[in-house]
Amino acid sequence: MSKPKVLVTRRWPDAVEARLKALYDVTLNETDVPMTADAMRQALKDYDAFCPTVSDKVDATVLDVAGARTRIIASYGVGYSHIDTEAAKKAGFVVTNTPEVLSECTADLAITLMLMAARRAGEGEREVRAGNWIGWRPTHMIGTKVSGGTFGVLGFGRIGREAAKRAHGGFGMKVIYFDPFPVKPELAAETGAEKRDTIEEVLREADVVSLHMPGGKDNYHLINAERLKMMKPTAILVNSARGEVIDGKALAEALKAGTIKGAGLDVFEGEPRIEPTLLECENAVLLPHLGSATQATREAMGWRVLENLEAFFAGQAPRDRVA
Ligand code: DGY
C-alpha cells in the first residue's frame with residue numbers, strides 16, 4: 001500500500017521532520033513563508049493530510065474546494081482560530097490541534113512579558129545599546145513592582161492556569177480570573193484563584209491583566225478603548241494569546257495617554273504586521289510570537305501532530321480533534 005501523502009506548510013524541527021518522512025510521503029514548504037490561498041487549495045486536492053500552522057489562514061475560501069483528497073487538517077499549534085472550523089466541518093475535513101504540550105512555555109513567556117513591561121526591560125536595553133546610559137541614579141527608569149500584586153487572568157484554561165501558578169508561586173501574587181466556562185474548583189485551588197463574574201471586575205481590580213482566551217470572532221477586540229479605561233493607570237496588560245483579542249489602535253492610545261502603565265505583547269492582529277502606533281509606544285514590549293518557541297516544545301508539538309495523523313490513518317479517533 002502506498003504511504004499517505006502529507007503536505008507540511010512550514011519547516012518543523014529536524015527530528016520531527018525525519019520521523020514524518022519515514023512514515024509518510026511528505027512534501028515540505030521549504031521556503032518557510034506562507035503559502036497562497038491558491039496553493040493551499042491545490043494542496044487539499046493533492047494530499048491526504050494537510051498540516052498548517054497558526055500563521056496560515058485556512059478560511060472558507062480555501063476549504064471550499066471541489067474534489068478534495070485531503071481528509072485531515074492536522075494543525076501544528078494549539079490555537080485554531082486560523083482555521084474556519086465550521087467550513088471545515090461542512091466540507092468533511094477532520095481538524096486537530098496540539099494542546100497541553102506548549103502550556104508551560106507559553107505561560108513562561110507571559111511572565112517574561114509581565115516582567116519586561118513592568119520593569120521597563122525593553123526600554124532599558126534600548127538605552128544601553130544606543131550608548132545613552134549615563135549610569136546608576138535613584139530616579140532612573142523607575143518601573144512597577146509586581147510582587148505581591150494582583151494577577152488577573154482572562155481565560156483560565158491550561159495556559160492561563162500555568163501563568164497563574166508562576167505569578168502566585170514565584171511572585172506571591174493574588175490570582176483572580178474570569179472564564180465563561182466552568183473551572184473545576186481543584187484547578188482554581190492550586191493558586192487560590194478567586195473567580196470574578198465579569199471581565200470588567202478583573203480589569204478594575206488587577207495590577208497585571210494576562211490574556212489567555214482563544215482568538216476568533218467571539219473574542220475580537222474584547223479589549224477595546226472602553227475596557228482599557230476600566231484598568232488601573234498603574235496596570236500592565238499582557239497578551240500571549242491572540243492579537244485580535246485587543247484593539248491595537250485603542251491600546252496604543254491608552255499607552256500614550258497613560259490610561260495604563262505598560263503592555264507586553266507577543267501576538268498581533270494580522271501579524272507579522274504590527275499596528276504602527278504601537279511601534280511608537282516606548283511602554284510596549286513587542287515580541288515576535290515566541291510563546292511556544294523552545295526546542296523541546298516545538299518538537300513536542302510536532303510529535304502531537306504525528307500522533308493525530310497516526311491515529312487518523314489507523315482508522316482511530318485522533319486525540320486532539322477540534323472539528
Ligand atoms: C499556538 O500554538 O497557538 C501558539 O500561538 C503558537 O505558539
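Trainee: Which residues does the UniProt annotation "domain: D-isomer specific 2-hydroxyacid dehydrogenase catalytic" cover?

Mentor: Keep in mind that we are looking at a predicted model, while this annotation comes from an unreviewed UniProt entry. In the model, the annotated span is 38% helix and 14% strand, with its end C-alpha atoms 19 Å apart. The record gives the span as residues 6–322.

Trainee: What is the mean pLDDT of the protein?

Mentor: It is good to ask that early, since predicted coordinates should not be read in detail where pLDDT is low. Here 100% of the residues reach 70 or more, and the model scores ipTM 0.95 and pTM 0.97. The mean pLDDT is 98.

Trainee: Where does UniProt place the feature "domain: D-isomer specific 2-hydroxyacid dehydrogenase NAD-binding"?

Mentor: This feature also comes from an unreviewed entry. The chain over that stretch is 34% helix and 15% strand, and its two end C-alpha atoms are 11 Å apart. UniProt puts the feature at residues 111–291.

Trainee: How many nonpolar residues are in the shell around the ligand?

Mentor: Let's start with the names: the ligand is surrounded by Val54, Gly77, Val78, Gly79, Leu102, Gly291 and Ser292. Glycine counts as polar here, and the shell has 4 polar and no charged residues. The number of nonpolar residues is 3.

Trainee: Which strands stand at the edges of the sheet, each with a single partner strand?

Mentor: Read along the open sheet of 7 strands, which pair in parallel: β8-β7-β6-β9-β10-β11-β12. An edge strand has a single partner, so one of its sides is left without a neighbour in the sheet. The edge strands are β8 (194–195) and β12 (284–286).

Trainee: Which residue of β8 does Ile176 stand opposite?

Mentor: Look at strand β7, residues 174–178, which pairs with β8 in the parallel sense. There are 2 bridges between these strands. Opposite Ile176, in β8, stands Glu194.

Trainee: Which residue points the same way from β9 as Val208?

Mentor: In a regular strand the side chains alternate between the two faces of the sheet. In β9, Val209 and Leu211 point the other way from Val208, and all of the residues in this pattern are buried. The one sharing the direction of Val208 is Ser210.

Trainee: What is the bridge partner of Val209 in β10?

Mentor: Strand β9 has parallel partners to consider. With β6 (residues 150–154) it pairs over 4 bridges, and there Leu154 is matched with Leu211 of β9. With β10 (residues 236–239) it also runs parallel, joined by 4 bridges, and in β10 the partner of Val209 is Leu237.

Trainee: Is Asp266 buried or exposed?

Mentor: Asp266 sits in the loop between β11 (262–265) and α12 (276–279). Its contacts beyond four places in sequence include Leu109, Leu113, Asn239, His289 and Gly291. A residue is called buried when 20 or more other C-beta atoms lie within 10 Å; Asp266 has 24, so the answer is buried.

Trainee: How far apart in space are Asp266 and Arg242, C-alpha to C-alpha?

Mentor: In sequence these two residues are 24 apart. For the distance in space we go from C-alpha to C-alpha, which gives 8.4 Å.

Trainee: What is the distance in space between Gly124 and Val62, C-alpha to C-alpha?

Mentor: Gly124 belongs to helix α6, residues 121–129, and counts as partly exposed because it has 15 C-beta neighbours inside 10 Å. Along the sequence, Gly124 and Val62 are 62 residues apart. In space the C-alpha distance is 44 Å.

Trainee: Which residue does a cis peptide bond join to Glu271?

Mentor: Most peptide bonds are trans. In this cis bond, omega is about 15°. The partner of Glu271 lies in the loop between β11 and α12, and its name is Pro272.

Trainee: What is the phi of Arg120?

Mentor: Most residues other than glycine have a negative phi. His221 has a positive one near 50°; this residue is in the loop between β9 (208–211) and α10 (225–228). Arg120, in the loop between α5 (103–118) and α6, is buried, with 21 other C-beta atoms within 10 Å. The phi of Arg120 is positive too, at about 55°.

Note on methods: Residues are numbered from 1 along each chain as its sequence is written. This is a predicted model: local features need pLDDT of at least 70, side-chain atom pairs count only at pLDDT 80 or more; totals for chains, interfaces and linings use all residues. UniProt positions are given in the numbering used here, feature names are shortened, and annotations may be inferred rather than shown by experiment. A residue is near a molecule or strand if its C-beta atom, placed from the backbone, lies within 6 Å of it. pLDDT is the predictor's confidence in each residue, from 0 to 100. A residue is buried if 20 or more other C-beta atoms lie within 10 Å of its own, exposed if 12 or fewer, and partly exposed in between; C-beta atoms are placed from the backbone. Two residues are in contact if their C-beta atoms, placed from the backbone, lie within 7 Å. Two strands pair if DSSP finds at least two bridges between them.
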